[in-house]
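Hi,

Here is the structure I promised to pass on. Have a look at it first, and then read my notes underneath.

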Amino acid sequence: MERTRWYKDAVIYQIYPRSFCDSNGDGIGDIQGIISKLDYIKGLGVNAVWLSPCYKSPNDDNGYDISDYRDIMTEFGTLDDWKEMIAGMHERGIKLIMDLVVNHTSDEHYWFQEALKGKNNPYRDYYIWRKGRGKNGKRPPNNWTSRFGGSAWAYEEASGEWYLHLFSKKQPDLNWDNPKVREEVHALVKYWLDLGVDGFRCDVITYISKREGLPNGKWNIGIRGDEHFTHGPHIHEYLHALNKEVLSNYDCMTVGEASGVTIEQGLMYTAEDREELDTVFTFEHVNCDTIAQLLPCKLRFKQFKKVFARWQAGLRGKGWNSLYLENHDQPRSLGRFTGDYGEHRKEAAKMLAIAMQCQQGLPYVYQGQEIGMTNYPFKNLDEYQDVLVAYVRKVLGVFEKPLAKLVHKVFLIRARDHARTPMQWDSGVNAGFTSGKPWMPINPNYVDINVAEAEQDEDSILNFYRQIIKYRLGSDVIRNGLYKEFNTGSKDLYCYERSWEGKRLIVICNFKNKEVELTLPNSFAYSECSLELHNYGYDRKELKKMTLRPYESMVYLIV
Ligand code: NOJ
């Protein structure tokens, strides 16, 4: 099968189905809801959708805990609905990327239910079981922690053994060292590809191979054990086999979620001649406003720019970057990367679009980002729905009460729930998301920030996204050009040039809510150029020394 690598000419829209659009009034988004919005998605100009998990699941972690890989979550509809959806996408020239969650299953999956039946059950070895430490084995087998907090092991009374769960207790880790597990994964990937799926976003894929003997992790206060299961000993062998045996028989694409990945490792996963994955999601840029990837802090702007520069250069000609600021695990980008944008919400959101969409790679737009949705004003810890928050509260135990204010302060900035409030379609009841009671509160700003309003406003963020996506998909400079940053020392401006076959694209972004002087390198000041994109009114025809307005951003083409 010839691989066209269509993902190099794509923009992906991510749908978190639970919060996208509810068609039957149960307060939960569903597949018929997605179908009703296919023309809207097409109208954005994207040519692919990444759909967060829609498989059968008891929803401990909103679908990232799968109990049947071959069927659809009851709340979302049926497999027939799903078939109607993918047909509708394909008719409109939109490809479908499904989430592939195979580091773990739900504890309600048949395999785990069988595994619980005893040590001799054939499915027992689908998971990772160990005896505990201490005299009577009542201490977990090692010191690894769950990504959500607390020990990564759960005790099972009946057998007196522990099973590993790097996420919630209801998400037991699969044992990829068992060839049967790998066969099962190959089969289920093939099942969806045969149904027409165009690719997969591979959930926490860098965790699937654990170091033999499961040694204790380095001690630290937060997360422990990473070094023994991130990019583990057999990861490349397992991914290569998946590619050779299944993926390479289809014209599909893959993106691996790769927390903690370096450029060298990124290349191991994505370099075309290695035949593993096509792209990875990296995290360095979204960690530039955190301490130890946990606590929020002010954006380290220069580091943020450097991260982009390193990845643009690092994968050039060998792999392919993923470009994102938002997804269902990240707080909203407005405010987070722009500081307090005051009355300049529109300019700030468009500026972020320019900063990302002009880089080389595959850009993602997360539902609501295209209308500038913002974080939710949570009032206290009880309002969060995320299993992660529940875990943290449990781990804190008696310290929760005295620390509640502080913990809330952290989540108010960092919580995953911010991205999961329902999509704001209009200013009517429940923002047009549902006619019932929404499963998550709707951001009260829906009255002003919603799709219907943005459709009326020629100058809206939505219309700007349509414009920039169209521009990007028609630009060989953006697709192929060499990336070179300028004004690197600026603490306010992010500026880069892309050059390809004699053409140069100059990208200028003011990240601050204030006026900033722009000085240009001599090599292109006063050059003949055309203003291609501008978030302010297309009144800067000449590329010269100027005072940029708050968040002012533009793209010039020098031919
Ligand atoms: C990453 C997913 O994006 C996140 O939402 C989920 O909680 C974990 N993986 C576990 O599957």
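Below are my notes on salt bridges, one sheet and one helix.

Some housekeeping first: this is a predicted model, so local features need pLDDT of at least 70 and side-chain atom pairs count only at pLDDT 80 or more, while totals for chains, interfaces and linings use all residues. Residues are numbered from 1 along each chain as its sequence is written, and side-chain values use heavy atoms, with hydrogens and water left out.

**Salt bridges**

The structure has 48 salt bridges (a side-chain nitrogen of Lys or Arg within 4 Å of a carboxyl oxygen of Asp or Glu). One of them joins the side chains of Arg3 and Asp278, at 3.1 Å from N to O. That pair links distant parts of the chain, 275 residues apart: Arg3 sits in the segment before strand 1 (12-15), and Asp278 in the loop between helix 7 (263-270) and strand 11 (279-281). Helices (H or I, at least four residues) and strands (E, at least two) are DSSP runs, numbered from the N terminus. Asp278 is buried, at 5% relative accessible area. On that scale, buried means under 20%, exposed over 50% and partly exposed in between, with a 1.4 Å probe and protein chains only.

Arg92 and Asp39 also meet through their side chains in a salt bridge, at 2.7 Å from N to O. Arg92 is in the loop between helix 3 (79-91) and strand 5 (95-100), whereas Asp39 belongs to helix 2 (residues 38-44), 53 residues apart. Here Arg92 is partly exposed at 22% relative accessibility, and Asp39 is exposed at 54%.

Then there is Asp289 with Arg336, at 2.8 Å from N to O. Asp289 lies in the loop between strand 11 and strand 12 (290-291) and Arg336 in helix 9 (residues 333-336), so this salt bridge ties together parts 47 residues apart in sequence. Both residues of this pair, Asp289 and Arg336, are buried. Salt bridges with shared partners also connect Arg3, Arg5, Lys8, Glu272 and Asp278 in one network.

**The sheet**

There is an open sheet of 5 strands, in the order 16-17-18-22-20, with antiparallel pairing (two strands pair if DSSP finds at least two bridges between them). Strand 16 (482-486) and strand 20 (530-534) are at the edges with a single partner strand each, so one side of each has no neighbour in the sheet. From one strand to the next, the twist averages 20 degrees; axes are lines fitted to C-alpha atoms, for helices over the stretch in contact, and angles run from 0 to 180 degrees between N-to-C directions.

Strand 18 (residues 503-510) pairs with strand 22 (residues 553-558) over 6 antiparallel bridges, and Val507 has Val555 in strand 22 as its bridge partner. Helix 14 (residues 461-473) packs on the sheet, touching strand 18 and strand 20, where contact means heavy atoms within 4.5 Å.

What does strand 18 share with strand 17? The two pair in the antiparallel sense over 8 bridges, with Cys495 partnered by Ile508 in strand 18. They form a hairpin with 2 residues between them, and Glu501 in the turn has a positive phi of about 45 degrees. Of the 8 residues of strand 18, 6 are buried, so the strand is largely enclosed by the rest of the structure.

**Helix 8**

Helix 8 (residues 301-315) has buried residues including Phe301, Phe304, Phe308 and Trp311. The buried residues of helix 8 pack against helix 7, strand 14 (322-323), helix 10 (345-357), strand 16 and strand 17 (493-500). Gly317, just after helix 8, takes a positive phi of about 80 degrees.

Cheers
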